[in-house]
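Visitor: I am new to reading protein models, and I would like to learn how to go through one feature by feature. Could you take me through this one slowly?

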Amino acid sequence: MGTPAAPVGAVLDLTLLRTFLEVVDHGGFALAADALALTPSAVSGHIKRLESTAGAVLLERTTRSFELTAAGETLYAYARNIVDLEREARARLRGAGLKGRLRIGSSEDFAGAWLPEVLQAFHRAHPGASIELKVGVTTDLLRQQERGKLDVVFGKRCARVHDDGELLWEEELVWAWSEDKPWKPGERVPLAVFPDPCVYREAAIAALGKARRAWLPAFESASMAGCLAAAQAGFAVAPVARSQLRQGLRALAREDGMPPLPNARFYAFARSAEPAVRALVAAVRETGQRRRFAR
């Protein structure tokens, strides 16, 4: 039975929209329930009420997962803007706009994939705050932070850290390769990697060593875009976080003869608990999790 037409004059409830976003962003009802401190049945009830209000099926459910319908894709885009604008409006009305200068260090995958969206939303909510951004290798950025040159560093590790790093999320590392090129590596696996020190490089070499696979540094670049371009061209395989895959790339797997890689863990390393720092860290966490789970 299809979802009935939306009642005349029906209004989209902000609470239901937030629940819908959490379900999509987290990839499931149980994880969304944990994030919202609700029961899975309550989350399911919210989605049913939203579908009734919208007059359309938003999620095509299966036993273990779901897919967004065309109507769901449309509503997701609007719901994200509505919720973000509501949050910004509350901050402005409270006079909670933050001021001051934030000195940020970011690894390139952070800067390229997540920070543009984060900074745009952060600037709308806190136009009085200014940003100074330095992109580099996490280890080098942390050294600069120790010298007092950076307020917060966004970086990655392939092992859990026990210092002052705040875990934002973690995701699978994969071997990125061209979608339309055959995978025939020969005796040695050609790698596209960052220069040392790089946790992706270290994880790839360790995995290949454990599998007793020979390798060669076929392409080395300090640019994530460069490594992905080498992979897309079929020149070398690049170890990257799954969320870094883009059109024209696929993830090689065991059937391709490639060993599994560990998870990459994304952290925020903050020198202080200043409101501007905490607000930025929270924005990165939300955006990174949303972008990661929505892929």
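**Reading an enclosed space, a helix and two loops**

Guide: Let us begin with the inside of this predicted model, where the largest cavity has a volume of about 40 Å³.

Visitor: How many cavities of 30 Å³ or more does the count come to?

Guide: The general idea is that rolling a probe the size of a water molecule over the atoms shows where empty space is left. Here the count comes to one cavity of 30 Å³ or more.

Visitor: Which residues line the largest cavity, and which elements give two or more residues to the lining?

Guide: The lining is made of Ala192, Val193, Phe194, Cys198, Tyr200, Arg201, Cys227, Ala238, Pro239 and Val240. Two or more of the lining residues come from each of β7 (188–193), α8 (199–210) and β9 (238–241), and β9 supplies the largest share, with three residues. Sorted by character, the lining has nine nonpolar residues, no polar ones and one charged residue.

Visitor: Cys227 was in that list; which residues of helix α9 are buried?

Guide: For helices in general, an α-helix has 3.6 residues a turn, so residues three or four places apart point the same way. In α9, which covers residues 224–232, the buried residues are Met224, Gly226, Cys227, Leu228, Ala230 and Ala231.

Visitor: What caps the N-terminal end of α9, and what follows the helix?

Guide: The cap is Ser223, which has a side-chain oxygen 3.2 Å from the backbone nitrogen of Ala225. After α9 comes Gly234, with a positive phi near 75°.

Visitor: Which residues have a positive phi although they are not glycines?

Guide: As background, most residues other than glycine have a negative phi. Ala37 nevertheless has a positive phi of about 60°, and Arg212 likewise has a positive phi of about 60°.

Visitor: Where does each of them lie, and is each one buried or exposed?

Guide: Ala37 lies in the loop between α2 (29–36) and α3 (40–54), and with a relative accessible area of 70% Ala37 is exposed. Arg212 is found in the loop between α8 and β8 (214–220), and Arg212 counts as exposed too, at 78% relative accessibility.

Visitor: What does the secondary structure of the protein come to, and what percentage of the residues is buried?

Guide: The protein has ten helices and eleven strands, and buried residues make up 43% of its 295 residues. As for the surface, the protein exposes about 15,000 Å², with carbon and sulfur atoms supplying 53% of that area.

Notes. Residues are numbered from 1 along each chain as its sequence is written. This is a predicted model: local features need pLDDT of at least 70, side-chain atom pairs count only at pLDDT 80 or more; totals for chains, interfaces and linings use all residues. Side-chain values use heavy atoms; hydrogens and water are left out. Buried means under 20% relative accessible area, exposed over 50%, partly exposed in between (1.4 Å probe, protein chains only). Helices (H or I, at least four residues) and strands (E, at least two) are DSSP runs, numbered from the N terminus. A polar contact is a pair of N or O atoms within 3.5 Å; within protein, one must be able to donate a hydrogen and the other to accept it, and residues adjacent in sequence count only if both atoms are side-chain atoms. On a 1 Å grid over the protein atoms alone, a cavity is a set of points where a 1.4 Å probe fits but cannot get out, and a pocket is an open set with protein on both sides within 12 Å along at least five of seven lines; lining residues have an atom within 4 Å of a point. Grid points are joined across faces, edges and corners, and a volume is the space filled by probe spheres set on the points. Ala, Val, Leu, Ile, Met, Phe, Trp, Tyr, Cys and Pro count as nonpolar, Asp, Glu, Lys and Arg as charged, and the others, Gly among them, as polar. Accessible areas come from the Shrake-Rupley method with a 1.4 Å probe; for residues, only the protein chains shown count as cover.
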